[in-house]
Amino acid sequence: MTRHILPSLMALVLAATACKQGQQVSQVRADGSSTVFPITEAVAEAWHKARNSAQVTVAVSGTGGGFKRLCNHEADLVGASRPIKQAEVDLCAKNKVDYVELPVAYDGLSVVVNPRNTWATSITVAELKRMWEPAAQGKIRTWKDVREDWPDTPLVLFGPGVDSGTYDYFTEAVVGKEHSSRGDFTSSEDDNVLVQGVSREPGALGFFGYGYYVENRDKLRLLPVDDGVADNGAGPIAPSEETVRNGTYRPLSRPLFVYAARSSLDRPEVTRFVEFYLGTAPGLLGSIGYVPLTDQANALTRERARTRVTGSMFAGKAKQTGVTLEAMLQQHGQGAR
């Protein structure tokens with residue numbers, strides 16, 4: 001996998017070409033979530049293939065790291081696998097950084113095991129909590145400790161780093177408290193490291209965005225998740241385009257975002273790239289394992305970008321329950337240039 005290297009090489013080639021031609025190259029700086037990275041990378045490749053003059057560089061420092069860069073005037077836009085937190089809202093306000101929050105896709109956090117795991121065909125949210133909660137450290141060591149009829153094979157856990165929005169979302173949805181988990185798991189901001197870890201350990205279990213499962217499905221096995229709610233009508237459910245969009249894959253379905261600095265949008269190249277992003281991404285998502293927004297949500301998001309609506313719809317919370325993304329976009333859709 002050379003996914004994280006390609007944008008940097010691309011940027012260097014474009015910069016070198018421009019220097020030879022004596023051109024001044026404008027730049028769009030993107031950063032943030034490893035989950036959103038494949039989307040931004042694919043859009044940036046399409047942008048460059050279309051021979052747009054502005055150079056787009058794409059870095060990966062995690063959702064939390066991306067927000068720090070955005071709020072410190074170090075990035076024009078950042079991908080985020082969760083909404084902005086209150087502490088990040090406060091940092092941006094302190095540094096006088098306004099931002100425009102733009103949903104770009106849906107994702108289903110995928111729980112995966114090694115293909116040599118022949119015993120676990122599904123898992124409940126309660127069992128995931130038993131594995132991952134802080135009290136599990138030093139106590140839940142084998143698969144048998146989780147479910148009596150599972151073997152005493154050592155349980156080896158892999159998950160995103162603590163700066164990851166995926167980690168924040170998973171811990172809130174599964175453990176019940178954001179940023180709360182056992183500490184003795186292998187973590188990385190690079191989801192490819194997690195894929196390799198799970199693919200090598202027979203007793204491994206890990207979680208990350210659905211796109212990384214789709215790209216590595218020959219190395220992993222997906223576990224359907226049962227949320228324990230009687231009215232879901234189907235028991236354990238696996239993430240797919242249908243179950244993520246209709247909300248039956250719960251509680252691990254979520255929207256993904258791009259946040260653009262309001263001041264950066266005053267630069268024509270950034271505005272053009274954001275418009276290109278929102279227009280191009282829906283056609284690319286299926287091939288990289290993400291679920292497009294509904295037509296209504298996509299139209300409302302593009303209008304949100306056009307009118308530069310600042311602030312977050314989520315009021316510092318990781319998610320809103322009982323309300324659709326479309327309804328939130330309509331409610332918070334007023335802005336001005």
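Good morning. In what follows, helices are DSSP runs of H or I with at least four residues, strands are DSSP runs of E with at least two, and both are numbered from the N terminus. The structure above is a predicted model. I shall begin with one loop residue, since its place depends on those terms: Glu178 lies in the loop that connects H6 with S8.

At 23% relative accessibility, Glu178 is classed as partly exposed, because that class lies between the limits of 20% and 50%. Its side chain forms a polar contact with the side chain of Lys85, at 3.0 Å. From Glu178 to Tyr167 the C-alpha distance is 8.2 Å, with their positions eleven residues apart in sequence.

Let me now set this in the context of the whole chain. The chain has twelve helices and twelve strands. Of its 337 residues, 53% are buried. If one takes the contacts with a separation of 6 or more, 76% of them link residues 24 or more positions apart.

I turn next to the sheet. Five strands form an open sheet in the order S8-S7-S9-S5-S10, and the pairing is mixed. At the edges stand S8, residues 186–188, and S10, residues 221–222, each of which pairs on one side only. Helix H6, residues 165–175, packs on this sheet and touches S7 and S9, its direction making about 110° with that of S9.

As general background, the strands of a sheet pair through backbone hydrogen bonds, in either a parallel or an antiparallel manner. Here, S9 takes part in both arrangements: with S5, residues 110–113, the pairing is antiparallel over four bridges, while S7, residues 156–160, runs parallel to S9 and is joined to it by three bridges. Two residue pairs illustrate this. Ser110 is opposite Phe208 of S9, and Phe158 has Gly206 of S9 as its bridge partner.

Why can S9 be called largely enclosed by the rest of the structure? Five of the five residues in S9, which covers 204–208, are buried, and therefore the strand is largely enclosed. Burial applies to both faces: Ala204, Gly206 and Phe208 lie on one side, with Leu205 and Phe207 on the other.

A second loop residue leads back to this strand. Asn114 is located in the loop between S5 and S6, the latter being residues 123–124. Its relative accessibility is 1%, and because the limit for burial is under 20%, Asn114 counts as buried. Two backbone atoms are reached by the side chain of Asn114: the nitrogen of Arg116 at 2.7 Å and the oxygen of Val198 at 2.9 Å. With neighbours within four places in sequence set aside, the contacts of Asn114 are Val198, Ser199, Arg200, Glu201, Pro202 and Ala204. Ala204 is also one of the buried residues of S9.

Finally, I come to helix H10, residues 268–284. Does its length fall short of expectation, or agree with it? With 17 residues at 1.5 Å a residue, the expected span is 24 Å, and the end C-alpha atoms are 24 Å apart, so the two values agree. The helix nevertheless has a bend of about 30° at Leu278, followed within four residues by a proline, Pro282. Among the buried residues of H10 are Phe273, Val274, Tyr277 and Leu278; the bend is thus placed at a buried position, Leu278.

Thank you for your attention.

Notes:
Residues are numbered from 1 along each chain as its sequence is written. This is a predicted model: local features need pLDDT of at least 70, side-chain atom pairs count only at pLDDT 80 or more; totals for chains, interfaces and linings use all residues. Side-chain values use heavy atoms; hydrogens and water are left out. Buried means under 20% relative accessible area, exposed over 50%, partly exposed in between (1.4 Å probe, protein chains only). Two strands pair if DSSP finds at least two bridges between them. Contact means heavy atoms within 4.5 Å. Axes are lines fitted to C-alpha atoms, for helices over the stretch in contact, and angles run from 0 to 180 degrees between N-to-C directions. The expected span of a helix is 1.5 Å times one less than its number of residues. The bend at a residue is the angle between axes fitted to the seven residues ending there and the seven starting there. A polar contact is a pair of N or O atoms within 3.5 Å; within protein, one must be able to donate a hydrogen and the other to accept it, and residues adjacent in sequence count only if both atoms are side-chain atoms.
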